[in-house]
Amino acid sequence: MQRRAFLHILSVAVPGAGMLCAQALAADAFPGKPVRILVGFSPGGSNDIVARLIAPKLAEGLGQQVMVENRPGAGGNIAVSALLSAPADGHTLLMCTTGTLSIQPHLVKSMPFDPEKDLVAVTQIIDAPYMLMVNARLPVSTVQELVAYARNRPGELNFASSGAGTGSHLAGEMLKSRTGIDIVHIAYKGTGQAMADVLEGAVSMIFDQPVSSMQYARAGKLRALAVAGPKRLAAFPEVPTVMEAGIAEFEPVTWSGICAARNTPPAAIERIQREIAKVLAMPGIARRLVQDGLEPVGSTPARFHDFLVANKRTWGKVIESTDLKPE
């Protein structure tokens with residue numbers, strides 16, 4: 001209270017101090033109520049799991065409840081719309097993803113928002129390679145066997161994704177274009193729904209992040225064929241990379257992070273980033289993420305912004321190598 005009174009007096013007495021004092025007061029006030037993290041996909045997917053993993057510890061650091069709210073649909077765009085409809089005060093955040101910010105701008109002619117103008121980078125939470133998982137009843141044990149099996153059955157096999165224009169969708173399209181196989185894409189509103197059909201056998205395969213799928217592989221319901229990244233995962237050293245299987249330049253590594261709406265006070269953004277970085281550095285949290293095949297990051301807003309610009313460019317080149325066209 002004394003600090004707030006001092007800042008108020010200073011803002012009146014000293015010319016030019018008003019803006020600085022306002023920012024300091026805003027830092028004091030945030031967070032003034034519970035914080036929401038919007039997830040643009042259904043429960044059970046990697047983004048949902050990671051958000052719910054960090055939320056309790058983030059709540060302790062912020063001194064306010066942190067709620068995870070699923071707003072699935074349109075490849076994450078429904079959640080973005082909900083973010084932009086809320087006050088830009090830092091109390092509503094977005095679990096931003098590769099598909100929504102780096103891929104869809106290349107594939108959707110009329111995006112409902114401009115990622116670079118309407119959103120603010122807060123922090124990257126994880127790097128996350130995909131794994132190629134097939135239903136355990138599919139008679140293949142390697143990528144080479146899968147490719148041979150699909151070539152003999154053009155159009156019969158299908159692959160699920162967490163939504164059109166997501167990283168899991170693009171990984172499947174890359175597999176098609178790099179191998180020449182004919183497999184059919186089936187889009188869902190999130191990994192949870194997609195995984196249910198892969199487990200049932202209604203869908204043949206999926207590119208998914210380990211955190212939401214390895215439990216099924218360990219239970220014998222799915223078979224992990226390969227890691228779609230530059231190296232094997234420490235948590236699953238027995239699973240080779242797609243490139244080891246003979247498919248060159250196959251590294252569709254994805255990420256998850258936190259974004260806020262444009263005009264969110266810088267003090268709120270800095271506070272959120274600082275607290276999330278602390279959470280990711282906690283031994284228990286970091287160990288859990290690594291065990292699930294994920295790499296904790298916790299970057300600064302400036303570094304995350306630069307990463308987003310470069311990552312969008314990278315995925316643009318990936319899209320050029322497939323047959324996908326803007327819609």
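In the predicted model, the structure holds 11 salt bridges. One of these joins the side chains of Glu-116 and Lys-312, with a nitrogen-to-oxygen distance of 3.5 Å. Because Glu-116 belongs to helix H6 (residues 115-118) and Lys-312 to helix H13, this pair ties together parts that lie 196 residues apart in sequence. The two partners differ in their surroundings: Glu-116 counts as exposed because its relative accessibility is 57%, whereas Lys-312, at 23% relative accessibility, counts as partly exposed.

Other salt bridges are formed within a single helix. Glu-173 is paired with Lys-176, the closest N and O atoms being 3.8 Å apart, and since these residues stand three positions apart in helix H8 (residues 167-179), about one helical turn separates them. Here Glu-173 is buried, with a relative accessible area of 10%, while Lys-176 is partly exposed, with a relative accessible area of 22%. A comparable arrangement is found in helix H11 (residues 266-281), where Glu-275 and Arg-271 lie four residues apart, about one turn of the helix. The closest N and O atoms of Glu-275 and Arg-271 are 3.3 Å apart in their salt bridge, and both of these residues are buried. In addition, a network of salt bridges links Arg-36, Glu-69 and Arg-71. As a general matter, side chains of opposite charge can pair when their charged atoms come close.

Helix H13, which provides Lys-312 for the salt bridge with Glu-116, also takes part in helix packing. The axes of helix H5 (residues 98-107) and H13 come within 9 Å and cross at roughly 50°, so that H5 and H13 are oblique to each other. The crossing in which H5 passes H13 is right-handed. On the side of H5, the contact is made by Thr-98, Leu-101, Ser-102, Ile-103, Pro-105, His-106 and Leu-107, and on the side of H13 by Leu-308, Asn-311, Lys-312, Trp-315, Gly-316 and Ile-319. Sorted by class, the residues in this contact of H5 with H13 comprise seven nonpolar, five polar and one charged.

Among the residues of H13 that meet H5 is Gly-316, which is found in the helix spanning residues 301-320. Gly-316 counts as buried because its relative accessibility is 9%, and a residue is buried when its relative accessible area is under 20%. Although Gly-316 and Leu-107 are 209 residues apart in sequence, their C-alpha atoms are 9.2 Å apart in space, and both residues are included in the contact between H5 and H13.

A further contact of H13 is with H8, the helix that holds Glu-173 and Lys-176. The axes of H8 and H13 come within 10 Å and cross at roughly 40°, an angle that makes H8 oblique to H13. In this case the crossing is left-handed as H8 passes H13. Gly-167, Leu-170 and Met-174 in H8 meet Trp-315, Val-318 and Ile-319 in H13, and by class this contact has five nonpolar residues, one polar residue and no charged residues. Trp-315 and Ile-319 of H13 are thus found both in the contact with H5 and in the contact with H8.

Conventions: Residues numbered from 1 in each chain as written. Predicted model: local features only at pLDDT ≥ 70, side-chain atom pairs only at ≥ 80, totals over all residues. Heavy atoms only, no water. Helix = DSSP H or I, 4+ residues; strand = E, 2+ residues; numbered from the N terminus. Buried < 20%, exposed > 50% of the residue type's maximum accessible area, 1.4 Å probe, protein only. Salt bridge = Lys/Arg side-chain N within 4 Å of Asp/Glu carboxyl O. Axes fitted to C-alpha atoms, helices over the stretch in contact; angles between N-to-C directions. Parallel < 35°, antiparallel > 145°, perpendicular 65-115°, else oblique. Left-handed = near helix turned anticlockwise from the far one by under 90°. Contact = heavy atoms within 4.5 Å. Nonpolar A, V, L, I, M, F, W, Y, C, P; charged D, E, K, R; others polar.
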